[in-house]
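Please open the model in a viewer and keep the selection panel at hand. The stops below move from one whole chain to single residues, and then on to its partner.

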Amino acid sequence: MTSPILIIDYGMGNIGSLRNMFKRVGAETEVASDAGSIARAGKLLLPGVGAFDAAMRRIGDLGLAPAICDRARAGVPTLGICLGMQLLLDGSEEGRLPGLGLIPGRARRFPPAAGLKVPHMGWNVVRQAQRSALTDWMRGEDETRFYFVHSYAVQTERPADAVLKCTYGIEFDAAIGRDNVYGAQFHPEKSHRFGMALLSAFAKLPC
Amino acid sequence: MLRTRVIPALLIDRGALVKTRNFAGKHYVGDPCNTLRIFNELEVDELVVLDISATPQKREPDWELMRDIASECFMPLAYGGGLRTFEQAQRVFGIGFEKVVLNSHAHDRPELLREIAEVYGSQAVVASIDVRRRRFGGEQVVSQSARRRHQIDPVAWARQVEAFGAGEILLTSVDREGTWTGFDLDLVRRVSDAVGIPVIAHGGAGGVHDIVAAVVQGHASSVALGSMVVFQKQGCGVLVNFPERRELETALAGTKATADA
């Protein structure tokens with residue numbers, strides 16, 4: 001039995017499209033914005049679009065940070081998407097507030113490069129850096145692409161925490177993972193069958 | 001490498017999918033949901049949905065139709081048509097679209113672009129600019145399905161919407177729209193070169209060579225397709241289609257947007 005995926009709604013994410021895609025893959029979701037629900041959840045999903053500090057402030061105001069960290073450290077599968085992935089880290093060049101600190105690393109602004117506009121917006125191809133339960137299905141694919149929208153790029157401190165790599169002027173981590181905590185820089189909920197396969201793998205993780 | 005986004009731009013008129021030519025002569029294409037489902041199966045990069053009768057009829061967007069679209073389409077979605085307020089934009093995002101497209105009402109109150117961008121990020125705000133050539137030279141920005149004229153040139157207006165917080169520009173040539181005669185490359189290039197945000201070229205695509213030209217000669221970041229993806233060919237019947245991914249990739253290989261590898 002899998003328990004519903006708890007989508008943490010702190011006011012900065014596209015919850016509608018995530019719910020639509022989980023519904024399509026037959027996974028149950030719940031949406032909540034209180035520490036109590038997080039403390040009981042069997043799976044956590046941290047979405048996020050917008051500025052790093054604004055997000056950490058809202059998470060702080062709602063008193064969610066300790067609950068998310070406790071639950072993640074207790075082994076509950078946790079997935080951060082886009083800004084939600086960056087929040088899992090120690091911090092970001094975009095803001096001053098510390099992140100959740102679940103995976104060591106920081107987000108840095110894409111360096112200016114000739115002809116490359118920031119944000120990195122569009123479909124890009126990824127390659128596997130480490131095997132992971134979320135990306136095992138990729139072995140059967142010639143090429144896997146996802147939809148990205150971001151101005152800050154992540155590099156984890158430890159190479160072993162990088163799951164997928166992508167290149168846009170520089171090489172950066174498109175997906176990260178350590179034990180039960182995962183992050184995706186791209187939007188799986190907007191990435192056709194590729195995103196569907198990834199979210200479906202997350203929904204199927206034992207919990 | 002980043003792929004050049006090739007985006008079907010679909011027009012909704014009173015609940016039906018239509019295609020126009022020079023913003024006139026609505027040709028019935030089909031049921032929007034069925035058509036969008038096909039584009040989802042074709043795994044298109046992104047979709048732009050424009051309700052062209054919302055502003056003329058002074059009505060709200062068709063929320064129910066948008067919900068149906070968002071539950072069927074798992075790619076980035078943009079919606080435009082009749083958006084006047086922050087609350088409406090909020091509702092669009094809540095349904096599962098990630099971009100709002102503003103045109104007519106951005107002329108009345110450009111601050112709306114910033115209000116939305118401040119909360120949802122500028123990548124979520126697309127300014128749509130419609131341009132028509134004047135009969136005796138020059139060109140002008142128009143809105144409200146080309147019924148309203150504005151005394152500003154496209155480059156100046158593009159710079160303004162960027163300053164107001166738009167993260168992307170959908171640039172449509174009224175003269176080329178629905179004609180299959182290629183993009184107005186001169187216009188696309190002048191606007192693309194004048195702003196730092198991505199420009200989507202729209203209006204006139206008739207084949208893959210036009211898409212390449214918009215990127216190589218027009219310096220567009222991405223390309224929107226209308227007639228090409230809903231008709232079999234010029235003057236022929238409805239056929240929902242999309243260029244083969246391999247054909248597009250081969251044609252676009254080495255162009256500016258895909259040069260990084």
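Select chain B, which in this predicted model has ten helices and twelve strands. Its radius of gyration is 17 Å, close to the 18 Å that the globule rule gives for 261 residues, so chain B is as compact as a globular protein of that length. Taken along the principal axes, the C-alpha atoms of chain B fill a box of roughly 40 × 40 × 40 Å. Of its 261 residues, 51% count as buried. Among contacts in chain B with a separation of 6 or more, 65% are between residues 24 or more positions apart.

Colour chain B by confidence before continuing. The mean pLDDT of chain B is 93, and 97% of its residues reach 70 or more. For the complex, the predictor gives an ipTM of 0.87 and a pTM of 0.92. As a general caution, predicted coordinates should not be read in detail where pLDDT is low.

**A pair of helices in chain B**

Select residues 154-163 and 185-194 of chain B, which are helix α6 and helix α7. Two packed helices are described by the angle between their axes and the distance between the axes. Here the axes of α6(B) and α7(B) come within 9 Å and cross at roughly 35°. The crossing of α6(B) and α7(B) is right-handed.

Which residues meet where α6(B) and α7(B) are in contact? Show side chains for B:Pro154, B:Val155, B:Ala158 and B:Arg159 on α6(B); they meet B:Leu187, B:Arg190, B:Val191 and B:Ala194 on α7(B). The residues of this contact divide into six nonpolar, no polar and two charged.

**B:Phe164, in the loop that follows**

Next, centre the view on B:Phe164, in the loop between α6 and β10 (168-173) of chain B. Is B:Phe164 buried or exposed? B:Phe164 has 20 other C-beta atoms within 10 Å, and a residue is counted as buried from 20 upwards, so B:Phe164 is buried.

Now display the partners of B:Phe164. Leaving aside neighbours within four places in sequence, B:Phe164 is in contact with B:Pro110, B:Glu111, B:Leu113 and B:Arg114. Draw a C-alpha to C-alpha distance from B:Phe164 to B:Arg114: the two are 50 residues apart in sequence and 5.4 Å apart in space.

**B:Val125, in strand β7**

Keep B:Leu113 displayed and move to B:Val125, which is in strand β7 (residues 125-133) of chain B. Why does B:Val125 count as buried? The reason is that B:Val125 has 28 C-beta neighbours inside 10 Å.

Which residues beyond four places in sequence touch B:Val125? The contacts of B:Val125 are B:Val100, B:Leu113, B:Ile116, B:Ala117, B:Gly165, B:Ala166 and B:Gly167. B:Leu113 thus appears among the partners of B:Val125 and among those of B:Phe164. For a further distance, draw a line from B:Val125 to B:Leu112: these residues are 13 apart along the chain, and their C-alpha atoms are separated by 9.8 Å.

**Where the two chains touch**

Show both chains and select the residues at their contact. How many residues does each chain give to the contact? Chain B gives 25 residues and chain A gives 27 residues. On the side of chain B that touches chain A, the elements that give two or more residues are α2 and α3 of chain B. Of these, α3(B) gives the most, with three residues. The residues on this side of chain B divide into twelve nonpolar, six polar and seven charged.

**Across to chain A**

Select chain A, which has six helices and twelve strands. The radius of gyration of chain A is 16 Å, close to the 17 Å that the globule rule gives for 207 residues, so chain A is as compact as a globular protein of that length. Along its principal axes, the C-alpha trace of chain A spans about 50 × 40 × 30 Å. Buried residues make up 53% of the 207 residues in chain A.

For the last stop, select helix α1 (residues 15-24) of chain A, where eight of the ten residues are buried. Those buried residues are A:Ile15, A:Gly16, A:Ser17, A:Leu18, A:Arg19, A:Asn20, A:Met21 and A:Phe22. Within chain A they pack against β1 (5-8), β2 (29-32), β3 (44-46) and α6 (192-204). In chain B they pack against α2 (63-72) and α3 (86-95). Just after α1(A), select A:Gly26, which takes a positive phi of about 80°.

Technical notes. Residues are numbered from 1 along each chain as its sequence is written. Chains are lettered from A and ligands numbered from 1 in the order in which they are written. pLDDT is the predictor's confidence in each residue, from 0 to 100. Helices (H or I, at least four residues) and strands (E, at least two) are DSSP runs, numbered from the N terminus. A residue is buried if 20 or more other C-beta atoms lie within 10 Å of its own, exposed if 12 or fewer, and partly exposed in between; C-beta atoms are placed from the backbone. Two residues are in contact if their C-beta atoms, placed from the backbone, lie within 7 Å. The radius of gyration is taken over C-alpha atoms; the globule rule is 2.2 Å times the number of residues to the power 0.38. Ala, Val, Leu, Ile, Met, Phe, Trp, Tyr, Cys and Pro count as nonpolar, Asp, Glu, Lys and Arg as charged, and the others, Gly among them, as polar. Axes are lines fitted to C-alpha atoms, for helices over the stretch in contact, and angles run from 0 to 180 degrees between N-to-C directions. A crossing is left-handed if the near helix is turned anticlockwise from the far one by less than a right angle, and right-handed if clockwise.
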